[in-house]
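Reader: I am new to this structure and should be grateful for a guided reading of it. May I put some questions once it is shown?

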Amino acid sequence: MCISMCLIGFTFAIRIASHNDQAVARDTFINSLAKFTSLGSIKEMKQKNIECIKALLRIAISDGELLCEAWAPVLLCISQLSRLQLSASGLVTDEELFENVNDVNVDNPDGSSVTNQRKRNSFNTSRNMSIFS
């Protein structure tokens, strides 16, 4: 009960700040609500965090045209929620997909491989840095 009342207060505060063109207040309330979702942390998600996610999505749907620059934390939460769902479904995440990208040898038209080219570039970079030292 207490959490739902607080979220209603957040919703009205965001609406009031948005309608009165108070960008700093609107952005502060949106950022706070986005942090209360705990999507960016490794803590266990509780019911209050889920309620915050729902409230943030309701605000985005109903008052989206008034959010202006405050869309960034909303979109970040949606992205993190999507990543959480992808991880829970057992599909391969971006990190797992590109985990061994350095181990791949791709042949270039000149016959050299990408990994050899990277070694040469890192050698040239370190040699060039020693010239400036």
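Author: One term should be settled beforehand: a contact means heavy atoms within 4.5 Å. The model under discussion is a predicted one.

Reader: Among contacts in the protein chain with a separation of 6 or more, what percentage do residues 24 or more positions apart account for?

Author: The contacts considered here are those with a separation of 6 or more. Within that group, the share that belongs to residues 24 or more positions apart is 41%.

Reader: Which elements does the protein chain contain, and in what order do they run?

Author: The protein chain has zero strands and six helices. Read from the N terminus on, the order is therefore one of helices alone: α-α-α-α-α-α.

Reader: How many residues does the protein chain have, and what percentage of them count as buried?

Author: A residue counts as buried when its relative accessible area is under 20%. The protein chain has 133 residues, and the share of them that meets this cut-off is 25%.

Reader: What area does the protein chain expose, and what percentage of it do carbon and sulfur atoms supply?

Author: The exposed area of the protein chain is about 9,700 Å². The part of that area supplied by carbon and sulfur atoms is 60%.

Reader: What distance does helix H1 reach from its first C-alpha to its last?

Author: Helix H1 covers residues 2-19 and has 18 residues. At 1.5 Å a residue, a span of 26 Å is expected. The distance in the model is close to that expectation, at 26 Å.

Reader: Where around the axis of H1 do its buried residues lie?

Author: The buried residues of H1 are Leu7, Phe10, Thr11, Ala13, Ile14, Ala17 and Ser18. Because they cover an arc of only 165° around the axis, they lie on the same side of H1.

Reader: Which exposed residues does the face of H1 turned away from its buried side carry, and which helices help to cover the buried residues?

Author: Turned away from the buried side is a face with the exposed residues Cys2, Met5, Ile16 and His19. The cover over the buried residues of H1 includes helix H2 (23-36) and helix H3 (47-67).

Reader: Which residue just after H1 takes a positive phi?

Author: The phi in question is about 55°. The residue that takes it is Asp21.

Reader: Which residues are linked with Asp27 in a network of salt bridges?

Author: Asp27 forms a salt bridge with Arg26, and their closest N and O atoms are 3.1 Å apart. Arg26 also forms one with Glu69, where the corresponding distance is 3.2 Å. This second pair links distant parts of the chain, 43 residues apart, with Arg26 in helix H2 and Glu69 in the loop between H3 and helix H4 (71-89). The residues linked with Asp27 in the network are thus Arg26 and Glu69.

Reader: Is Arg26 buried or exposed?

Author: Buried residues have a relative accessible area under 20%. For Arg26 the value is 4%, so Arg26 is buried.

Reader: Which residue forms a salt bridge with Lys54?

Author: The partner lies in helix H3, as Lys54 does, three residues apart or about one turn of the helix. The closest N and O atoms of the pair are 3.9 Å apart, and the partner is Glu51.

Notes
Residues are numbered from 1 along each chain as its sequence is written. This is a predicted model: local features need pLDDT of at least 70, side-chain atom pairs count only at pLDDT 80 or more; totals for chains, interfaces and linings use all residues. Side-chain values use heavy atoms; hydrogens and water are left out. Helices (H or I, at least four residues) and strands (E, at least two) are DSSP runs, numbered from the N terminus. Buried means under 20% relative accessible area, exposed over 50%, partly exposed in between (1.4 Å probe, protein chains only). Accessible areas come from the Shrake-Rupley method with a 1.4 Å probe; for residues, only the protein chains shown count as cover. The expected span of a helix is 1.5 Å times one less than its number of residues. The arc is that of the directions from the helix axis to the C-beta atoms. A salt bridge is a side-chain nitrogen of Lys or Arg within 4 Å of a carboxyl oxygen of Asp or Glu.
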